[in-house]
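User: I've got a model open here and I'd like to talk through its main pocket and some of its helix packing. Can you walk me through it?

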Amino acid sequence: MHCPYCKHCDTKVLDSRVADDGTSIRRRRVCQSCEKRFTTVEQMQLTVLKRSGTSEPFNRDKAVSGVRKACKGRPVDEDALARLGQEVEHQLRLAGSPEIAAHEVGLAILTPLRKLDEVAYLRFASVYRGFESADDFENEISLLRAERQLQPTTG
């Protein structure tokens, strides 16, 4: 770790603490040369394993971009999409694995998207799950209706 003040490459860790959510580590450091103190935050790098066998770093914006297409013309604002992206990344980090199959990213998107907008959910699910007929849509709509009936009504 290089000192952000003098660029010396030898620093000493004074204190390490795991963040409350368990996804990062905060370290308090001191430079061995200039003796200035600074804090670093280490976070696990999520990697997406694609179907082709290649891997790339998880990109929340890329996940949200696919959802944005499904939400086109729907009453879903950018803040809601940002929260969905954050929720998806949080769920993937909670899984505890640094490498996630691309399929798992899609699955992590489906549940919060269903809560956000059912029409956008159907659009996304139809592409993600490869719907091939109107029957596939009907089956998914039946599941949504059954799920809604099981939920307690508020009011």
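User: By class, what is the lining of the largest pocket made of?

Analyst: Keep in mind that this is a predicted model. The largest pocket has a volume of about 700 Å³, and 22 residues line it. Sorted by class, that lining has 11 nonpolar, 5 polar and 6 charged residues.

User: Which helix gives the most to the lining of the largest pocket?

Analyst: Let's go through the candidates. Strand 5 (55–57), helix 1 (60–70), helix 3 (102–116) and helix 4 (118–128) each put at least two residues into the lining. With 6 residues, the top contributor is helix 1.

User: And which lining residues lie nearest the centre of the largest pocket?

Analyst: The lining is 22 residues in total, so to speak a long list to scan. Those nearest the pocket's centre are Arg-51, Ala-102, Val-105, Gly-106 and Tyr-128.

User: Is helix 4 parallel, perpendicular or oblique to helix 5?

Analyst: Helix 5 covers residues 134–150, and the axes of the two helices are 11 Å apart. They pack at an angle of about 140°. Angles over 145 degrees would count as roughly antiparallel and 65 to 115 as roughly perpendicular, so helix 4 comes out as oblique to helix 5.

User: Which residues in helix 5 does helix 4 meet?

Analyst: On the helix 4 side, the contact uses Glu-118, Tyr-121, Leu-122 and Ser-126. By class, the contact between the two helices has 5 nonpolar, 1 polar and 3 charged residues. The partners in helix 5 are Phe-137, Glu-140, Ile-141, Leu-144 and Arg-148.

Key
Residues are numbered from 1 along each chain as its sequence is written. This is a predicted model: local features need pLDDT of at least 70, side-chain atom pairs count only at pLDDT 80 or more; totals for chains, interfaces and linings use all residues. Side-chain values use heavy atoms; hydrogens and water are left out. On a 1 Å grid over the protein atoms alone, a cavity is a set of points where a 1.4 Å probe fits but cannot get out, and a pocket is an open set with protein on both sides within 12 Å along at least five of seven lines; lining residues have an atom within 4 Å of a point. Grid points are joined across faces, edges and corners, and a volume is the space filled by probe spheres set on the points. Helices (H or I, at least four residues) and strands (E, at least two) are DSSP runs, numbered from the N terminus. Ala, Val, Leu, Ile, Met, Phe, Trp, Tyr, Cys and Pro count as nonpolar, Asp, Glu, Lys and Arg as charged, and the others, Gly among them, as polar. Axes are lines fitted to C-alpha atoms, for helices over the stretch in contact, and angles run from 0 to 180 degrees between N-to-C directions. Angles under 35 degrees count as roughly parallel, over 145 as roughly antiparallel, 65 to 115 as roughly perpendicular and the rest as oblique. Contact means heavy atoms within 4.5 Å.
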